Amino acid sequence: MLRSLAREFQLVAPAAFRRRLASYSTGDGGVAGGAADGKRLVGKVALITGGASGLGKATAHEFIQNGAQVIIADIDSELGPQTAQGLGPSAHYVRCDVTDESQVADAVDAAVARHGKLDIMYNNAGVTGPAYPPSIADLELDKFDEVMRINLRGAVAGIKHAARVMIPAGSGSILCTSSISGILAGLGPHPYTVSKFAIPGLVKSAAAELCRHGIRINCISPAPIPTPMSVGQIAQFYPGLTQEQVARIINGLGELKGAHCEDADVAKAALYLASDEAKYVTGHNLVVDGGFTCYKNLSFPSPDQVV
Ligand SMILES: NC(=O)c1ccc[n+]([C@@H]2O[C@H](COP(=O)([O-])OP(=O)(O)OC[C@H]3O[C@@H](n4cnc5c(N)ncnc54)[C@H](O)[C@@H]3O)[C@@H](O)[C@H]2O)c1
């Protein structure tokens, strides 16, 4: 029906309106940037903190596959250049410690200097912090501050400096990585949990202002995925196991039968949120957890256990 409408309107409608109508009938919703040919970020420039490894690296790969230029901003000055080289000419490494605001500012400026603009800022760098001591009664507040400085303050700095260049441009998409540890407590150490709970709040607070400037901001909350961070953390509880064995343990933690959470799942969520396909999505927490945080079973005793 839309096609026949489009045919009729060709006689009378202005050219811009006809193009819009035609895009509805072909099902691409008018999304610009080559979505129809599978390249959803053509012409876009993205900066990914913590992009040297794990989820950031997988997202950099996905963004590049979709036509983006990517700046990998990471504290690891050995792995960072290697990752960028492996990703090819569309990736470029800049050293950046997100706890140092001036380095975050410099990374944003480096993206603009190299490519003339910044369309996508992904504040993804994070650490779990020490698993011990487990009790809040023994919490070392310096360690707490360390985790908050990377996971939360680093994201605040990223949003601040992305906004600095995106507000004058009147557009942009900012992403942050939270976690299922930001939805349910008890899944990680206290500082990590607190930092991850704060991320969706930070995103909403920033969205409240950035909406007015045409900038979207969202976060992603993944379930456990075997990356150097999670494997290193869980391995502490299983001395002697290989990395593959620990990865299998992590993959076994999910609830959704027949699948486990992979870095590519986060990369595809980030691709959606970063792209124009999510042009009306902001302030959102996209949970990628196979249902893990949406229910809890009541543990009824079996009849023979009832006293
Ligand atoms: N892997 C998981 O199970 C999981 C689940 C939920 C959320 N997350 C979150 O995903 C994000 C990425 O974690 P990952 O699993 O890919 O870990 P990872 O260790 O593989 O990658 C993290 C990257 O961040 C970098 N980094 C650390 N501190 C930094 C700093 N101060 N400045 C700049 N870069 C820094 C590291 O060098 C590393 O390259 C983190 O925010 C983490 O909390 C991970």
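The following exercises, each with a worked solution, concern a predicted model of a protein with a ligand.

**Exercise 1. Overall content**

Determine how many helices and strands the protein has, and what share of the residues is buried.

Solution. Begin with the secondary structure, which amounts to 10 helices and 7 strands. Next, count a residue as buried if 20 or more other C-beta atoms lie within 10 Å of its own. By this criterion, 41% of the 307 residues are buried. Finally, consider the contacts with a separation of 6 or more: 67% of them join residues 24 or more positions apart.

**Exercise 2. The sheet**

Establish the order of the strands in the open sheet and identify the edge strands.

Solution. Step one is the order, which reads S3-S2-S1-S4-S5-S6-S7, with parallel pairing. Step two concerns the edges: S3 and strand S7 (285–288) each pair on one side only, and these are the edge strands. Step three is the twist; with direction ignored, neighbouring strands are turned by 20 degrees against each other on average.

**Exercise 3. Two strand pairs**

For the pairs S2 with S3 and S1 with S4, state how many bridges there are, and find the partners of aspartate 74 and alanine 46.

Solution. Recall first that the strands of a sheet pair through backbone hydrogen bonds, in either the parallel or the antiparallel sense. Strand S1 (residues 45–49) is joined to S4 by 3 bridges in the parallel sense. Within S4, isoleucine 120 is the bridge partner of alanine 46. Turning to the other pair, strand S2 (residues 69–74) and strand S3 (residues 91–95) are parallel over 5 bridges. Aspartate 74 has arginine 95 of S3 as its bridge partner. The connection from S2 to S3 passes through helix H4 (residues 79–87), and this β-α-β crossover is right-handed.

**Exercise 4. The shell around the ligand**

Identify which residues come nearest to the ligand, and classify the shell by residue type.

Solution. The shell holds 28 residues, of which Gly50, Gly54, Gly126, Thr227 and Met229 come nearest. Helix H3 (54–65) and helix H8 (228–235) are the elements that give two or more residues to this shell. Sorting the shell by type yields 13 nonpolar, 12 polar and 3 charged residues.

**Exercise 5. A peptide bond**

Decide whether the peptide bond from tyrosine 132 to proline 133 is cis or trans, and locate proline 133.

Solution. Inspect omega, which is near -5 degrees; the bond is cis. Then place the residue along the chain: proline 133 lies in the loop between strand S4 (120–123) and helix H6 (141–169).

Methods. Residues are numbered from 1 along each chain as its sequence is written. This is a predicted model: local features need pLDDT of at least 70, side-chain atom pairs count only at pLDDT 80 or more; totals for chains, interfaces and linings use all residues. Two strands pair if DSSP finds at least two bridges between them. Helices (H or I, at least four residues) and strands (E, at least two) are DSSP runs, numbered from the N terminus. A crossover is right-handed if, with the strands pointing away from the viewer, the path from the first strand over the helix to the second runs clockwise. A residue is near a molecule or strand if its C-beta atom, placed from the backbone, lies within 6 Å of it. Ala, Val, Leu, Ile, Met, Phe, Trp, Tyr, Cys and Pro count as nonpolar, Asp, Glu, Lys and Arg as charged, and the others, Gly among them, as polar. A residue is buried if 20 or more other C-beta atoms lie within 10 Å of its own, exposed if 12 or fewer, and partly exposed in between; C-beta atoms are placed from the backbone. Two residues are in contact if their C-beta atoms, placed from the backbone, lie within 7 Å. Axes are lines fitted to C-alpha atoms, for helices over the stretch in contact, and angles run from 0 to 180 degrees between N-to-C directions.
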